[in-house]
Amino acid sequence: MDDFRVLGPLEVRSSNTVMPIPSRRQRAILARLLLEPGATVSADALADTAWGGEDQPRDARAALQTQISRLRAALGPLGGKLLTNPPGYRLDIAAKDVDAHTFERRILEGRDLSGWDPRAALALYDQALALWRGRAYAEFADGFAQPEATRLEQLRVAAAEDRIEALLAIGEAASAVADAESLISSEPLRERPYALVMRALAASGRQGEALAVYQRLRDRLSEELGTEPSEPVRAVHLQILRQEPDQATRQDHGARHTSMPALSRVPAAVSSFVGRQRELEAVSVALTASRMASLVGPGGVGKTRVAIEWAQQHNTAQPVAWVELASLRDPTAVPNAFLDALGVPDPPGESPLDALITALRSRHILLVVDNCEHVIEEAARTVHAITRSCAHVRILTTSRERLALEGEHVITVRPLPVATGNGEVGNSTAVQLFLDRMGAAGHAADADDPEVRRLAETICHRLDGLPLALELTAAHAATLGLASVAGTTDLLDLAAGRRSGQVSHRSLRATLSWSYDLLTRDEQCLLRRLAVFPGWFPIPWATTVCSDTELPPDYIPMLIASLVDKSLVIRRSLPAGGDRGLALLETVKHFADERLVAAGEADRFRTDHARFVVEWAENAAGSIGTAEETELAEIAAAASDLRAAKSWTHQNDTDLALRLSAALHRYAELRADNEIKGWAETASLLPGAETHPLRPVVLASAASGAVSRGGLEHAVELIEKALESMGPDYASAGYPLSVFGTVCVLSGEPRKSARALRRGWQAARQAQDRFTEAETAGHLAALLSYLGNQAGSERWLTRCRTAARAPSGASTQALVEMVTGESKISFDPDEALVHLNRCYEMASSLGANLLTGTALTGLVTVRSRLSRSQASVAAYLQALKHWQTMGDQIHLWITLRNLIPVLTHNSQDEAALALHAAVSTSPAALRIHGTESEALDQAVEESRIRVGDGASDIQVRWRGATTASAVDVASRAINAILEDSTVATAERPEQRER
């Protein structure tokens, strides 16, 4: 067990082993972090703590970083919990890991128990006080930790007094006198210990001594403070004078429960409990801090199961009554259901609510109120009345929406996680539950079989990790097999079949119908319309797509808020500026879509959604490169909506389909999104596309996709069709001509490419398309540089910068840096590095994957030529991985080709010859020219000479090799270079950083 102890000298334990922290500064830093466990403490505050009033080092942050590093080492296995979290550091622990929190929690639990089971309360007080080993935060109690140390000390004294109260309640008067007198010795002006001694003496029949204690207190207060005893102490004094019994002192506590009515018991669990530790801990924390908590979540998510588990774990510390509301049909009968759970008969002549309050007013009890959603108003009214009038009652409710009461702590119960977060397949809590329930149904699947875990995870994904759906479907999987269930179209039908329990829990469809039927007509209408959104969506989108005369736009945000409260629309936290925070669970969306079809509204709202998405894409993607450009990440966040619009328009509306691909062509280029480029080719083949004015742009985007996939021949076909479709005055000719120029240069026709790029620049300039104007001019500058025409390259670079000088966006600026860097490689490699570095940084932050990868490839190529170091060679691995991730075959082959001279220089001759053969015969059919061609030929010849007779065999063997094989050869060769020299380790970037 790991814990942090502050109730005395600072101490850290891991698995019952004390972790020594000899440095006072490090102990001070740790103590400061423990004042706020789990919270981030600024570096400045920690530096002040570490050095106190001393002069801080000149570079305090660096010195603090050193202290933090040493503290991590001193903490041993717990060091990983000390996290860097700008602007400071955070100790990633829960409050329960600190003994001070445990102390406070046990005191609160003891106070809850004191009224009905003082013996149990006494045990908790003893446990709490036993945690103290000295003054809280010992060596720092007079410094930065003084406020917290003082607070804890006051709590300790109050807890000692509460403990004496418990001794009195169980009749241990002698012990109470001794302990209270001990408190008086240490706290001579604290009045409550005097009252406790007086009560204990009176309970032992020693009234005279009790009155003498009162006089002793009175004299001391008069002499030292000039005051009289407080009202509570005077009341005890008067009670003793009148010889009235002390109602708080009970000798027969155990007998007081014998006449209590039987409580409705917590239902027994009928299956194993999987996961949910976070929710269980959250309930404990909530009901410690408050007297009311609610488990809220969608139907079938497991709220009742969590409540059962928590109540069973805690019913030994406090009586628990289970209030079941699921079967109620009359909301006015809610108070009666509470009375039934308490075993109290309905009283004649008194309202059930008044009788309930009377029955609970002096009780220390936990009420678990299950399934409030269908009687939510009356349930809320009843719970509010109890919490207002019954000070010792705690309440835990389950509902699909919160009760919205003051003091209510809401714990959201979410579906079980389907993915583990560490990349492992089939090891999540949801899969564990699913396979467990399959075993319970008579078919124990082999959890070690990767295929079993993969199929189980697929099913769990489709069922959103909803425990009810998993349990119901697992029973069918035990009969039909995992593969059959995973391939079933409608899992709502498979998630069915339970005969026992609530009707609403016998199938997933019944659960969803139960929730749907509780909605108002307008809420039902909006929920089914929201099914057109395939993923996360913002409120403005829903307002536009789902509104009509029946649901006015201004009304929709309020309805969405209500659906969120009812757990039918889920929301997520978003970073600043994000707005795509709402969604339907897949199961809810499937159900809502069925209702949308049944209402006859499906075609209408799917069309409205597609049209809206296309218009949004035209505005958002059309702004790229301008001063008002939409961030690429924002467009990427709409991927699921774009896919849905593509699917609908390709089946139903050629015009919208072509508009969508045309709108996204620049985004797809910068993002290196081959999926969207693939849509363009499909759209160009739709009925009516041949005469559409946007066909040239769409075909050009399709050609760009073919280039990325390495299909140059197909790209040529597509771009030629695009050019044939353009009239002489085609307004958007700049982009197709730019793509044509790229295809030509890759096909080994640089002069033809230059002519196309010039025409593209003129067309873009005439159309005032500044991004394409800068792009075509920049590509032409780079091309002329490769051909050795430095003067021409500089002229076109000037034109590129001129185009970008107009109000433009970050994408245009990153493009200019990229083409400038490429243009300088041959003539001024040092300056090229500067521009390529700028491009890489800008493009990486933008998410412009094409520019990022192109700059990265340029950087590693130039660095390897300039430094010939192992570090520069190792950077090729990063470039290769980038293009593999993007699925960009053409740039992958270009990077492999650029690597060949590097391999030759490092005597990896066989690998160099293998790559040359693979590149020369690849589907990309790359052709190069100018100085690049000369450098490559020279490197290959050098490797051929060193290899000798076997060179031809190597090249024959590697002709037509796959990309994966070529990358594997390159990676092994790079690693061999890194391991080959004793200098390699010293030159690796990570070593230099250290």
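This section describes the overall architecture, charged pairs, surface patches and selected buried positions of a predicted model.

The secondary structure of the predicted protein comprises 48 helices and 13 strands. Of its 994 residues, 52% count as buried. Among contacts with a sequence separation of 6 or more, 68% involve residues 24 or more positions apart. The accessible surface amounts to about 43,500 Å², and carbon and sulfur atoms account for 49% of that area.

Side chains of opposite charge can pair when their charged atoms come close. In the model, the count of salt bridges comes to 59. One of these pairs aspartate 44 with arginine 61, with the closest N and O atoms 3.4 Å apart. Aspartate 44 belongs to helix H2 (residues 43-51) and arginine 61 to helix H3 (residues 60-74), so the bridge ties together parts that are 17 residues apart in sequence. Aspartate 44 has a relative accessibility of 45% and counts as partly exposed; arginine 61, with a relative accessible area of 48%, is likewise partly exposed.

A further salt bridge joins the side chains of arginine 521 and glutamate 550, with an N to O distance of 2.9 Å. Arginine 521 lies in helix H22 (residues 521-529), whereas glutamate 550 is placed in the loop between helix H23 (539-546) and helix H24 (556-565); the pair therefore ties together parts that are 29 residues apart in sequence. Arginine 521 is exposed, at 57% relative accessibility, while glutamate 550 is partly exposed, with a relative accessible area of 30%. Both residues belong to a network of salt bridges that also links Asp522, Arg528, Arg529, Asp548, Glu601 and Arg604.

Helix H23, which precedes the loop holding glutamate 550, contains the buried residues Trp541, Ala542, Thr543, Val545 and Cys546. The buried residues of H23 pack against H22 and H24, and also against helix H26 (602-622) and helix H28 (639-652).

Within a single helix, arginine 770 and glutamate 773 form a salt bridge at 3.0 Å, N to O. The two residues are three residues apart in helix H36 (residues 770-786), and are therefore separated by about one helical turn. Arginine 770 is partly exposed, with a relative accessible area of 32%. Glutamate 773, by contrast, has a relative accessible area of 4%, which places this residue in the buried class.

Patches of like charge were also identified on the surface. Arg755, Arg758, Arg765, Arg795 and Arg799 gather in a patch of positive charge. Helix H35 (750-766) and helix H37 (790-805) are the elements that give two or more residues to the positive patch. The largest contribution, three residues, comes from H35, while arginine 795 is found in helix H37. A negative surface patch consists of Glu713, Glu717, Glu720 and Glu724. Of these residues, glutamate 720 is located in helix H33 (residues 712-725) and is partly exposed, at 39% relative accessibility.

Backbone geometry was examined at two loop positions. Most residues other than glycine have a negative phi. Tyrosine 137, in contrast, has a positive phi near 55°. Tyrosine 137 occupies the loop between helix H5 (118-129) and helix H6 (146-169), and its relative accessibility of 5% means that the residue counts as buried. Aspartate 464 also has a positive phi, of about 60°, although it is not a glycine. Aspartate 464 is situated in the loop between helix H17 (450-462) and helix H18 (467-480). At 14% relative accessibility, aspartate 464 falls under the 20% cut-off and is therefore buried.

Another buried acidic residue is aspartate 909, with a relative accessibility of 9%. Aspartate 909 lies in helix H43 (residues 909-920). When neighbours within four places in sequence are left aside, aspartate 909 is in contact with Thr904, Ser943, Arg946 and Val947.

Note on methods: Residues numbered from 1 in each chain as written. Predicted model: local features only at pLDDT ≥ 70, side-chain atom pairs only at ≥ 80, totals over all residues. Heavy atoms only, no water. Patch = residues over 30% accessible without salt bridge, like charges linked within 9 Å, V, L, I, M, F, W, Y side chains within 5 Å. Areas by Shrake-Rupley, 256 points an atom, 1.4 Å probe, with all protein chains shown as cover. Salt bridge = Lys/Arg side-chain N within 4 Å of Asp/Glu carboxyl O. Lys, Arg positive; Asp, Glu negative; His and termini not counted. Charge placed at Lys NZ, Arg CZ, Asp CG, Glu CD. Helix = DSSP H or I, 4+ residues; strand = E, 2+ residues; numbered from the N terminus. Buried < 20%, exposed > 50% of the residue type's maximum accessible area, 1.4 Å probe, protein only. Contact = heavy atoms within 4.5 Å.
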